[in-house]
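Open the model in your viewer and keep the selection box at hand. Each stop below tells you what to pick and what you will find there.

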Amino acid sequence: MNISSYKKYISAETMMGPNSVRILAELFDRHPLQAAADDPILDLGCGTGLTSLVIAKETGAKVYANDLWVSAEENRKRFARWGIGEQVIPVCEDANHFHFDKKKFYALVSIDSYHYFAGYEGFFQEKILPFMKDGGVVLIGIPGLKDEYTDRAEELLSDWLGEDACMFKSQTRWKELIGSHDRIESVKTWEMDCFSKAWSEWFATNNEFACGDRKYFETIIRPYTCFVGISVKLKRAL
């Protein structure tokens, strides 16, 4: 995937943290999505829809851009400006209470958001799996702890994140939380390579949140954290 194709869309207005396009690109390069136009994809926690734009352009599929913090109407206007209003559908749904049809989505992609709501046993099987088609794919890229610091999130990250430190987990722990199920073929996790670039591109925006993060980068963020990549492949129907 050529990130430079999306350079004009990546800005202080559309970024809400480390460069989501950079994280998405690594997921797509490692696990390309073979989607058809009639294979809907859910972009879970899409923020301003930057990742939804890229998913739509890279796959040609219809994308449901879901976010709880950014309104569907705001994203609808943005998608219209970007010329993808017919392909990308803005949605505002709580991940714990989806109203989609069962087995609707061929793929689910979630960048820098899954850790906010999914960090407990059974979430994937109960809240995500019912809405995925047989043979579907789930790709997740989120901030987490390096493996050697497992279970020390609050101790190591609280000065930076406060009570939110508990959301950061190691790749090993995330694999355990995804768990096993008769419909799951494989679960793969890894420490992503795009960490430094994604953070530097976030800091380059110089917005107030980026400046706040920058103060902790050398003392907390770089030593203890990483981006965790997760790939889940579902079994095809018999």
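## Stop 1: two loop residues

Start with lysine 103, which counts as partly exposed because its relative accessibility is 42%. The model is a predicted one. Lysine 103 sits in the loop between β3 and β4. Check its backbone: phi is near 55°, a positive value in a residue other than glycine.

Now jump to asparagine 206, in the loop between α7 and α8. Here too phi is positive, near 60°, and again the residue is not a glycine.

## Stop 2: the sheet

Switch to cartoon view. In what order do the seven strands of the open sheet run? Read across: β3-β2-β1-β4-β5-β7-β6, with mixed pairing. The edges are β3 (88–91) and β6 (184–191), and each of these pairs on one side only. From one strand to the next, the twist averages 15°.

Strands of a sheet pair through backbone hydrogen bonds, either parallel or antiparallel. Both kinds are worth a look here.

Select β1 (41–44) and β2 (63–66). These two are parallel, paired over four bridges. Pick aspartate 43 and look across to β2: its bridge partner is alanine 65.

Stay on β1 and colour by burial. In a regular strand the side chains alternate between the two faces of the sheet. Ile41 and Asp43 lie on one side of β1, Leu42 and Leu44 on the other, and all are buried. Both faces of β1 are thus covered.

Move to β4 (residues 105–111), which runs parallel to β5 and is joined to it by six bridges. Alanine 107 stands opposite valine 137 of β5.

Next select β5 (residues 132–145) together with β7 (residues 225–234). This pair is antiparallel, with nine bridges. Valine 138 has valine 232 in β7 as its bridge partner. Is β5 mostly covered or mostly open? Mostly covered: 12 of its 14 residues are buried.

Add helix α9 (residues 217–224) to the view. It lies across β5 and β7, at about 30° to β7.

## Stop 3: an enclosed helix

Select α2 (50–59). Why is α2 described as largely enclosed by the rest of the structure? Eight of its 10 residues are buried, so the rest of the structure largely encloses it. The buried ones are Leu50, Thr51, Ser52, Leu53, Val54, Ile55, Ala56 and Thr59.

Show the neighbours. The cover over those buried residues includes the helices α1 (20–30) and α3 (72–82). It also includes strands β1, β2, β3 and β4. Step past the end of α2 to glycine 60, where phi is positive, near 80°.

## Stop 4: the largest pocket

Turn on the surface. Rolling a probe the size of a water molecule over the atoms shows where empty space is left. The largest pocket holds about 960 Å³.

Which of its 39 lining residues are closest to the centre? Select Met16, Trp69, Asp112, His115 and Tyr116. Then highlight α2, α5 (153–161), α7 (195–203) and α8 (208–214): each supplies at least two residues of this lining. Colour the lining by class and you get 21 nonpolar, 12 polar and six charged residues.

## Stop 5: the second largest pocket

This pocket has a volume of about 180 Å³. To outline it, select His31, Pro32, Leu33, Gln34, Tyr106, Val137, Ser186, Lys188, Ser231, Val232 and Lys233. The elements giving two or more residues to this lining are β6 and β7. The largest share, three residues, comes from β7. By class, the lining has five nonpolar, four polar and two charged residues.

You have met two of these names already: Val137 is the residue opposite alanine 107, and Val232 is the bridge partner of valine 138.

## Stop 6: lysine 175

Finish on helix α6 (residues 171–178) and pick lysine 175. Its relative accessibility is 41%, so it counts as partly exposed. Show its contacts: leaving aside residues up to four places away in sequence, lysine 175 touches Val187 and Thr189.

Last, draw a distance from lysine 175 to tryptophan 190, C-alpha to C-alpha. The two are 15 residues apart in sequence and 9.6 Å apart in space.

Technical notes
Residues numbered from 1 in each chain as written. Predicted model: local features only at pLDDT ≥ 70, side-chain atom pairs only at ≥ 80, totals over all residues. Heavy atoms only, no water. Pairing = 2+ DSSP bridges. Axes fitted to C-alpha atoms, helices over the stretch in contact; angles between N-to-C directions. Contact = heavy atoms within 4.5 Å. 1 Å grid on protein atoms, 1.4 Å probe; cavity = no way out; pocket = protein on both sides within 12 Å on 5 of 7 lines; lining within 4 Å. Points joined across faces, edges and corners; volume = space filled by probe spheres on them. Nonpolar A, V, L, I, M, F, W, Y, C, P; charged D, E, K, R; others polar. Buried < 20%, exposed > 50% of the residue type's maximum accessible area, 1.4 Å probe, protein only.
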